[in-house]
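I open this notebook with the charged pairs and then turn to the nonpolar packing. The entries follow the order in which I looked things up.

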Amino acid sequence: MRCLTATLVLWLCISLAASAQQAGKAPLVGVLLINTAANPEPVVPLFRNALAGLGYVEDRNLRLDFRFAEGHADRFPALAAALVGDKANVIAALGDAATRAAQQATQTIPIVAIADDLVAAGLIQSNAKPGGNTTGISILATELDAKKLEILQEIVPASRHFGLLRDPASSTEARLRAIA
């Protein structure tokens, strides 16, 4: 998780440096998350620490604006539009739904995304040449899901059936096929 966060932060910093900054104002980084403010994703403190390690300190030379969808992916379009309205310099989006909402809200503000497979989800053209204003990290969780099921079967060899709870807003058909 730390390596993933560090990579996200590095890409975010590159995007910040490349984006036009308003004179006299610290750049604004908008972050779209599915969780709640009371229960943020584990990446939030890692994200802040990694930025600080690179000299970006919140409320000193960087403004962070975390927007939480409160578990409702259908809230992402409004949250992304609000970040665009607030003139975010960069939008960090975690997940397919957050990234797609950011892409629909802007074609000019850099978007740094973490998703299962950015290419397979149609969020970028390719990992080498993403095109548009979106770049980021494909975590390839689909392959990891299949491996987790394999390990579970080794741990409990007598079981032939396993239950699956999923969030339809963040689960792709490819992920379901990989573990079926």
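Which residue forms a salt bridge with Asp65, and how far apart are the closest N and O atoms? I looked this up in what is a predicted model, and found that the partner is Arg67, with the closest N and O atoms 2.6 Å apart.

**Entry on burial of this pair.** I next checked accessibility, with under 20% relative accessible area as the cut-off for buried. Arg67 comes out at 16% and therefore counts as buried, and Asp65, at 18%, is buried as well.

**Entry on the second partner of Arg67.** I then noted that Arg67 also forms a salt bridge with Asp86, where the closest N and O atoms are 2.6 Å apart. Because Arg67 belongs to strand 2 while Asp86 lies in the loop between helix 3 and strand 3, this pair ties together parts that are 19 residues apart in sequence. Asp86 has a relative accessible area of 39%, so I recorded Asp86 as partly exposed. Through shared partners, the salt bridges join Asp65, Arg67 and Asp86 into one network.

**Entry on the remaining salt bridge.** My tally for the structure is three salt bridges. Besides those of Arg67, I found one between Arg48 and Glu58, whose closest N and O atoms are 2.7 Å apart. This pair links distant parts of the chain, since Arg48 sits in helix 2 (residues 43-53) and Glu58 in the loop between helix 2 and strand 2 (63-68), ten residues apart. Arg48 counts as partly exposed at 34% relative accessibility, and Glu58 is likewise partly exposed, at 29%.

**Entry on the largest nonpolar core.** I turned to the packing and asked which members of the largest nonpolar core touch the most other members. Among its 16 residues, these are Leu32, Phe76 and Ile91. At least two residues each come from strand 1 (28-33), helix 3 (76-85), strand 3 (90-94) and helix 4 (96-105). Helix 3 contributes the most, with four residues.

**Entry on Ile91.** I listed the contacts of Ile91, leaving out residues up to four places away in sequence, and obtained Gly30, Leu32, Leu83, Val84, Ala102, Thr106, Ile109, Pro110, Ile111 and Val112.

**Entry on another core.** Apart from the largest core I found another, of 13 residues, including Val29, Val31, Phe47 and Leu51. As background, I noted that nonpolar side chains tend to be buried together in soluble globular proteins.

Technical notes: Residues numbered from 1 in each chain as written. Predicted model: local features only at pLDDT ≥ 70, side-chain atom pairs only at ≥ 80, totals over all residues. Heavy atoms only, no water. Core = buried A, V, L, I, M, F, W, Y, C linked by side-chain atoms within 4.5 Å. Buried < 20%, exposed > 50% of the residue type's maximum accessible area, 1.4 Å probe, protein only. Contact = heavy atoms within 4.5 Å. Salt bridge = Lys/Arg side-chain N within 4 Å of Asp/Glu carboxyl O.
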